[in-house]
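Here is a short round of questions and answers. Each answer sets a value beside the rule behind a label.

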Amino acid sequence: MSNPYSSFKASILSVKPQTDIDYTFRLATDLKVSSGQFVEVSIPRVGEAPISVSDFGEGWIEMTIRRAGKLTDVIHEMIQGKHLYIRGPYGNGFPMDKFKGKNLIIAAGGTGLAPVKSIISSFNQGITGIKDLTLLAGFKTPADVLFRDEISKWHENIQIEITVDNDDTGNWPGGTGLITGLIEQMDIANLEQTEVIIVGPPVMIKFSYLEFIKKGIRKENVWVSFERKMCCGIGKCGHCKIDGTYVCLEGPVFNYAKAEQLVD
Amino acid sequence: MDINTKQLRKNAFRVTKNRGMTALRIRVPGGNLEVKYFDVIKKVAENFGNGRVHITTRQGFEVPGIPMEKIPEVNRMIAPILDGIETAVGVEIPDLNSGYPAAGTRNVSACIGNSVCPFANLNSGEVALKIEKLIYPNDYHVKIAVTGCPNDCIKAHMQDIGIIGMALPVYDSYRCIGCGACVKNCRRVATGALSISNYKVKRDHRRCIGCGECILKCPTSAWTREDKYYRLVIMGRTGKKNPRIAQTFLEWVAEEAVMKVIANMYQYIDNHIDRSLPKEHVGYIVDRTGYPVFRQEVLLGVDLGQLGRVAESINFGGYFYERTNIFG
Amino acid sequence: MGFEFTMDSFNKVLEDISKNFIFYAPRRIPGKGAFSDTDVVVYQEVEGFGQIELDEKSRFSPKEVINPITQTLFYFNENGYTEPETNNKGIIIFCRPCDANSFKRLDEIFLNNGPFKDSYYESLRRKVKIFVIECVQGFENCFCVSMGTNRFDDYDAFIRVAEDRITCDVKDNLLPAFVKHGISAEMRPDFISENAVKVAIPDQVNKTIFTHEMWREYSERCIACGRCTVVCPTCTCFTMQDIFYEDNHKCGERRRVWASCMIDGFTEVAGGHDFRPDKGMRMRFKAMHKIYDFRKRFGYNMCVGCGRCDDVCPEYISFSNCINKVSALSREVNG
C-alpha cells in the first residue's frame with residue numbers, strides 16, 4: 001500500500017525574487033510535469049500547499065510563490081541548497097495538443113502569469129507547435145510585474161502587451177488600465193484558429209472572458225485555471241470541490257464551457 | 001386589638017399601612033412551584049385577603065388585605081403548602097397548622113436552571129431546596145439565591161450569599177477540529193480565556209469563569225463538562241446606606257463546601273450580631289468584623305478541594321449615599 | 001447461520017473473539033452531553049454487549065472509528081519523517097443498517113475518487129467487520145427508507161435483541177465462537193420498511209436550483225457551526241495541519257483533522273479570498289453532495305438518511321425538509 005501523501009525532498013537550485021513578495025524557486029527533481037499542473041509543496045512542521053509549476057525543464061521545476069501565509073512566509077526564507085518537500089504533479093494542465101497549429105492568446109492577471117509561464121518559455125524554444133502567441137498581462141503597479149528578465153527576451157518572438165492598473169512610478173513605459181482594455185483593443189484575425197487562456201483572479205477571469213466573447217471568440221476555445229483551497233491534491237479532502245467537480249482531479253485547467261457551469 | 005408584632009412578623013406576616021390588616025408571605029424555595037398550590041393561595045386570597053397576590057422579587061407570593069384576627073385560620077389553610085414544600089424537602093416545621101415558624105432568612109430564590117435553560121450548569125432549584133433545608137427556619141436576616149451560570153439571571157450578585165454554577169471544561173484535543181467556535185465565543189461573551197495554538201485550543205484557567213459556553217459551542221464534543229463547581233459571591237445588597245454588588249469569595253468549590261460555608265455563616269452571625277438592634281443584616285456584621293474574621297469563621301472545616309480558591313481580600317465598594325455628591 | 005444467545009453467552013462470544021478484535025459500539029457517556037446533567041451517545045470501545053446503548057441514536061456516527069477526527073500522517077524529526085505504526089487487531093463495529101451503508105460511501109471517496117487510494121483509511125478499513133444491530137422502529141428524524149439504506153445485506157453478523165435474548169445471523173469466519181456459545185436458531189434479518197420522515201430525491205437538479213432564492217433562507221438561519229457535518233456518517237472532508245512540538249521545535253507532525261464545508265474558512269485561500277462565504281450556498285453545496293453530485297459520480301446517493309443532521313442542528317434546520325423543497329422545486333423547474 002503506497003502512501004499518496006508521502007513527499008520527497010527536492011533541493012533548491014536557485015531563488016530569484018520577482019517582486020518583493022513573489023520569488024521563483026527552482027528545485028532539482030525529475031518530476032514529469034505539464035504546463036498548468038501543480039504540486040503539493042511542504043515544509044515539515046510548517047505546512048503544505050498546492051503551488052502551480054511555473055516552468056520546468058530537464059531535472060528541474062520552477063515555482064513562483066507569493067508570500068501570503070504561514071507556509072509561504074517560511075518558504076521565502078529558504079535559500080539555495082535548502083530543501084522543500086514536494087509531491088505530485090497533480091491535476092490536468094493545459095491541452096497543449098489542442099493548441100498545435102493555432103494562434104494562442106494568453107491573458108494573465110498578476111500571479112496568474114505563473115501557471116502559463118512554461119507555455120511561453122517552451123513556445124520561445126519552438127517546441128509547442130503553437131503557431132503564434134500573444135501575451136496580455138496586467139499587474140497592479142510596475143513593481144508587481146513578474147518575470148521581467150524573461151519578458152525582455154520573449155519580446156523577440158511574441159507579441160506582448162503589459163498594463164498596470166496604477167503607474168505609481170511615473171516612468172512606466174507600458175500602458176495603464178485594466179487588462180480588459182487590452183483585449184478590447186485587440187484585432188483578432190482568425191477567430192476559428194485562435195485559442196485563449198485566461199488566468200488570474202476570479203473577477204479578472206470573468207470580465208476578460210466577456211471581452212473575448214465580444215470579439216467573437218467561442219467559449220469552447222477559452223481555457224482558464226482555477227485556484228482553490230486544497231489540502232490533498234488527490235480528491236479526498238473536499239476543499240476544492242465545486243458542485244460535483246474536484247478542481248484537483250478535473251482541473252485546475254478547465255475549458256470555459258465547463259468552468260461557467262461551476263457554481264461555488 | 002393586642003397583637004405581638006414581633007411574633008406576627010416571625011410568622012411571615014407583615015405589619016402594613018392599613019391598621020389591623022396584614023399580608024402573608026409564602027415561600028417558594030427555588031421559585032419552582034407545583035401549580036396545585038395556586039389553589040391554596042387563591043383560597044387564602046379570596047377567603048381572607050382582597051383577592052389579589054403580589055409576586056415578590058424573591059419569587060414568593062404575598063397575599064395582602066388579610067385582617068390580623070384571621071391569622072390562625074389562614075395558617076391552618078396554608079398547612080398543605082408548608083407540608084408539601086417545606087417538610088417535603090426535610091425542613092422541620094414544629095406545627096403545620098401554625099404557619100411559618102420564621103421569616104428572617106428570606107426565600108431562597110433560583111433561576112430556572114438546567115431543567116429548562118441550556119446555559120445552566122446546575123439544577124438551581126434543587127440546590128435552592130437543599131439550602132432551604134439547611135437554613136430554614138431561621139430568624140437571621142439573610143438573602144440567598146442560586147443561579148446556574150455567570151449570566152446570573154437570578155441576580156445572585158444582589159444577595160448576601162449568591163451561588164453561581166460553574167462547569168469545569170475538559171478538553172479532548174483528539175476531538176477538536178479547530179473550528180475556533182469556542183475561542184471566538186469566549187472572547188465575545190465571556191472572558192477570552194481560550195486561545196488557539198498549533199490548531200488546538202488552550203484554556204487559561206485563571207481567566208476561565210466556568211460558564212460552560214465552550215462546551216455548548218463545541219460541535220464535536222471536544223469540550224465536555226466534568227463535575228459541578230460553584231462560585232460564591234457575598235454581601236451584595238441594596239439598602240439605604242451602601243448599595244453594592246456582591247464580590248467573589250470562593251470559586252471552583254464543590255457543593256459540600258458551599259453548604260458548609262452557609263451553615264458556618266449562621267454561626268458567624270450568632271457570634272457577632274449586635275443584639276441591641278431590632279435586626280442586623282449579615283452584610284453590616286461583615287462591615288463591622290471585617291472580611292478576614294468572616295473568612296476565617298465561615299471556612300472552618302471547609303474542604304476547598306483541589307481547584308478551590310478563596311479571595312485574599314475583598315473591597316466591597318459600592319457607593320455610600322451620604323458621601324456621594326454628584327449634584328454640585 | 002442463525003444462533004441464539006443469552007446476554008451472558010453472547011458476551012462469551014465477544015470475549016473469545018476479543019483476542020483478535022476491538023469492538024466499537026454506541027455507548028452512553030453519563031454527564032458528557034453539552035447541556036449539564038445530560039449524556040452523550042458516541043461510538044467508543046466496548047468490552048461487553050451490556051455497554052452498548054440500544055435505546056437512543058448515537059449523536060456521532062461510527063465513521064470516526066475508521067476516519068479518526070485527528071489522525072497523524074507523519075512524525076517529523078530533523079532527519080525526515082516516519083509514519084505512525086498501526087496495530088494489527090481487527091475492528092468490529094456494531095451499528096445500524098444506515099451506518100453500515102455509510103462505510104461504502106466513505107470507501108468511494110477515500111479509495112475510489114481519483115487515481116490514488118488513501119492508505120491511512122485503507123489500513124483501518126480493511127480490518128473492519130460489521131455487526132448490524134437490527135432497527136425495529138428507527139428513531140426521530142430517520143429517513144433511511146427514502147434513501148434505500150434501511151437494508152444492509154453485506155454484514156458479518158446481524159443481531160436482533162429482544163427482551164434478554166440475542167439472535168444472530170453470522171456469515172463469517174468468526175463462526176467457531178458463535179457455534180461454541182450459542183444454540184442453533186432460525187434467524188432472518190428484518191429491516192425497517194417505513195419511517196415517519198419521508199424524503200423525495202430529485203432525479204435531475206436543474207442548474208437554476210443552484211442559484212435559486214430558496215437557499216437565501218439558510219443564509220439567514222444557518223450559523224455555520226458545522227454540527228450537521230461532524231455528525232454525518234458520510235462527510236469525509238479534512239484539513240491538513242502541520243505542527244511542531246512546543247518543547248522541541250525541530251520535531252513535529254503532520255496530521256489531518258475533520259473539516260466542514262459549513263464552517264468559515266473551508267474555501268478560503270491564502271491571501272484571504274473566500275469562494276463560498278454565504279451560508280445558504282454552503283447549505284446548497286452540502287445538500288447537493290449528499291443527494292446529487294456524489295450520485296452522478298458513483299451511481300447512488302451519499303446521504304444514508306440517519307437524520308443526525310436534523311437531530312443536532314441548534315437552529316432547527318431540517319436537512320430532510322430542505323431536500324423535499326429541492327425536489328418540489330425541481331419538479332416545478334423541470335415541468
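Q: Which residues form one aromatic cluster in chain C?
A: In this predicted model, the cluster is made of Phe3(C), Phe5(C), Phe10(C), Phe23(C), Phe49(C), Phe94(C), Phe131(C) and Phe178(C).

Q: How many aromatic pairs does a search of the whole structure find?
A: The search finds 36 over all chains.

Q: What makes Phe74(C) and Tyr81(C) an edge-to-face pair?
A: Their ring centres are 4.8 Å apart, and the angle between the planes is 65 degrees. Rings pair if their centres lie within 6.5 Å, and planes over 60 degrees apart count as edge-to-face. Therefore the pair of Phe74(C) and Tyr81(C) is edge-to-face.

Q: Why is Phe74(C) called buried?
A: Its relative accessibility is 1%. Buried means under 20%, so the label fits Phe74(C).

Q: Why does Tyr81(C) count as partly exposed?
A: Tyr81(C) has a relative accessible area of 28%. Buried needs under 20% and exposed needs over 50%, so 28% falls in between.

Q: How do you know that Phe158(C) and Phe191(C) form an edge-to-face pair?
A: The centres are 5.5 Å apart, with 75 degrees between the planes. The limits are within 6.5 Å and over 60 degrees, so both are met.

Q: Why does this pair tie together parts that are 33 residues apart in sequence?
A: Phe158(C) lies in strand β8 (residues 157-162) of chain C, while Phe191(C) is in the loop between β10 (183-184) and α7 (207-210) of chain C. Both Phe158(C) and Phe191(C) are buried.

Q: What makes Arg244(B) sit over the ring of Phe316(B)?
A: The charged end of Arg244(B) is 4.4 Å from the ring centre. The distance rule asks for within 6 Å, so this distance passes. Likewise, Lys63(C) lies over the face of Trp258(C), 4.5 Å from the ring centre.

Q: How do you know that the second largest pocket lies between domain 1 and domain 2 of chain B?
A: Domain 1 (5-98) and domain 2 (118-323) both give residues to its lining, so the pocket lies between them. Its space is about 1,600 Å³. Of the 48 lining residues, the closest to the centre are Ala103(B), Gly104(B), Arg106(B), His141(B) and Lys279(B). By class, the lining has 14 nonpolar, 14 polar and 20 charged residues.

Q: Why is Ile209(B) called partly exposed?
A: Its relative accessible area is 23%. That is neither under 20% nor over 50%, so Ile209(B) is partly exposed. Ile209(B) is in the loop between β9 (200-203) and α7 (213-217) of chain B.

Note on methods:
Residues numbered from 1 in each chain as written. Chains lettered and ligands numbered in written order. Predicted model: local features only at pLDDT ≥ 70, side-chain atom pairs only at ≥ 80, totals over all residues. Heavy atoms only, no water. Phe/Tyr/Trp six-rings, centres within 6.5 Å; stacked < 30°, edge-to-face > 60°. Buried < 20%, exposed > 50% of the residue type's maximum accessible area, 1.4 Å probe, protein only. Helix = DSSP H or I, 4+ residues; strand = E, 2+ residues; numbered from the N terminus. Lys NZ or Arg CZ within 6 Å of the ring centre and 35° of its normal. 1 Å grid on protein atoms, 1.4 Å probe; cavity = no way out; pocket = protein on both sides within 12 Å on 5 of 7 lines; lining within 4 Å. Points joined across faces, edges and corners; volume = space filled by probe spheres on them. Nonpolar A, V, L, I, M, F, W, Y, C, P; charged D, E, K, R; others polar. Domains from an automatic or database assignment.
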